[in-house]
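Please give a short guided tour of this structure, written for someone who has it open in a viewer. Say what to select at each stop and what is there.

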Amino acid sequence: MKRWFSRVVVAAAVALSGMSGQAASAETGPGPADVAAVDDGEIAVFLCTPSARGCHERPVTAKQRRDVEAFLTSAPGVTEVRFVSRAAAYGEFRREFDGETKMLAEVRAKDLPESFWIRVSQTADRARIASAAGLRPGVARVVDQLEVRRATRSRWEAELSVFLCTSGTVMSGCRHGRGPANRKSATAKEKKAIVAVIERIPGLESYEYEDQRTAYRNFAEAYADREALIAATRVSDMPESYRLSIRSDVNRGPWRRRLARMPGVMEVFDYECFVQEVRLRSEYGLKKVGARTRACE
């Protein structure tokens, strides 16, 4: 079971990042003049900071910044290049997470990289441009917004997915504390208890049960472009699950944590929290943020 879940998490991360090792970006809101709203077709080029992977603990130099800008401006197919300063990025970060005291206390202006955001023509080779930009000295990583938008629209639909234990799983919540059901698939009694909690969630708009065969079919369709991943996954690897849609004004955190602790539950996947973590790495170029928003704690 853990084998399947690890594959899915990795696949989702790769789908959101576009290429291995590169972060990705989702949609952002409007900001100041030099932090315009993220466009579907933009590609972000994040510059080095001392903590960025592959930058050898060195920030981008003024010469490297000029060279990157010159390269992007002259690259075939690039129609627009704009620079986002560290101060502008930090200002947008504080506006977006206003009221999230833990996030704001942890992230400082120096943690955010400078970046160039480019638009390309419809006939441009996006992958080639991104790959070439990523090889320039002073560049930490490159992000294709279009690939991220495609991934977030097609990979995950439910706001909360409650994955159930399967036989032989190595996940700790399925191996202990369940009595005779330890290491076995979720029992009818466990499912009944889980549904009872789901139906008490305020603002629950709908939920549906997904069996293993349906899960595999949906998995294969969602990752049709990743043949190796599909070939390595069997129907028996797939978990049963409940897919929940909850009203946006409801705090899902307490219910997510409660469901995650219930016997028979392997994992609870929160789509919005997952995307939030990806956006912190991608839109803002943050390597890792320990603090989360209150809704995702």
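The tour starts with the whole chain and then moves to one sheet and a helix beside it. Keep in mind throughout that this is a predicted model.

**Whole chain.** Show the chain as a cartoon: it has 12 helices and 8 strands. Next, colour by accessibility; of the 297 residues, 48% are buried. Switch to a surface view, where the chain exposes about 15,200 Å², with 50% of that area supplied by carbon and sulfur atoms. If contacts are drawn between residues with a separation of 6 or more, 76% of them join residues 24 or more positions apart.

**The sheet.** Select β5, β6, β7 and β8. These 4 strands form an open sheet, and reading across it gives the order β6-β7-β5-β8, with antiparallel pairing. At the edges lie β6 (204-210) and β8 (265-270), each of which pairs on one side only. From one strand to the next, the twist averages 15°.

**One strand pair.** Now keep β6 and add residues 241-246, which are strand β7; the two pair in the antiparallel sense over 6 bridges. Which residue in β7 does Y209 stand opposite? Show side chains here and look for Y242.

**The helix on the sheet.** Finally, select residues 188-198, helix α8, which packs on the sheet. Helix α8 touches β5 (160-164), β6, β7 and β8. Look along β7 to compare directions: that of helix α8 makes about 5° with that of β7.

Definitions and conventions: Residues numbered from 1 in each chain as written. Predicted model: local features only at pLDDT ≥ 70, side-chain atom pairs only at ≥ 80, totals over all residues. Heavy atoms only, no water. Pairing = 2+ DSSP bridges. Axes fitted to C-alpha atoms, helices over the stretch in contact; angles between N-to-C directions. Contact = heavy atoms within 4.5 Å. Buried < 20%, exposed > 50% of the residue type's maximum accessible area, 1.4 Å probe, protein only. Areas by Shrake-Rupley, 256 points an atom, 1.4 Å probe, with all protein chains shown as cover.
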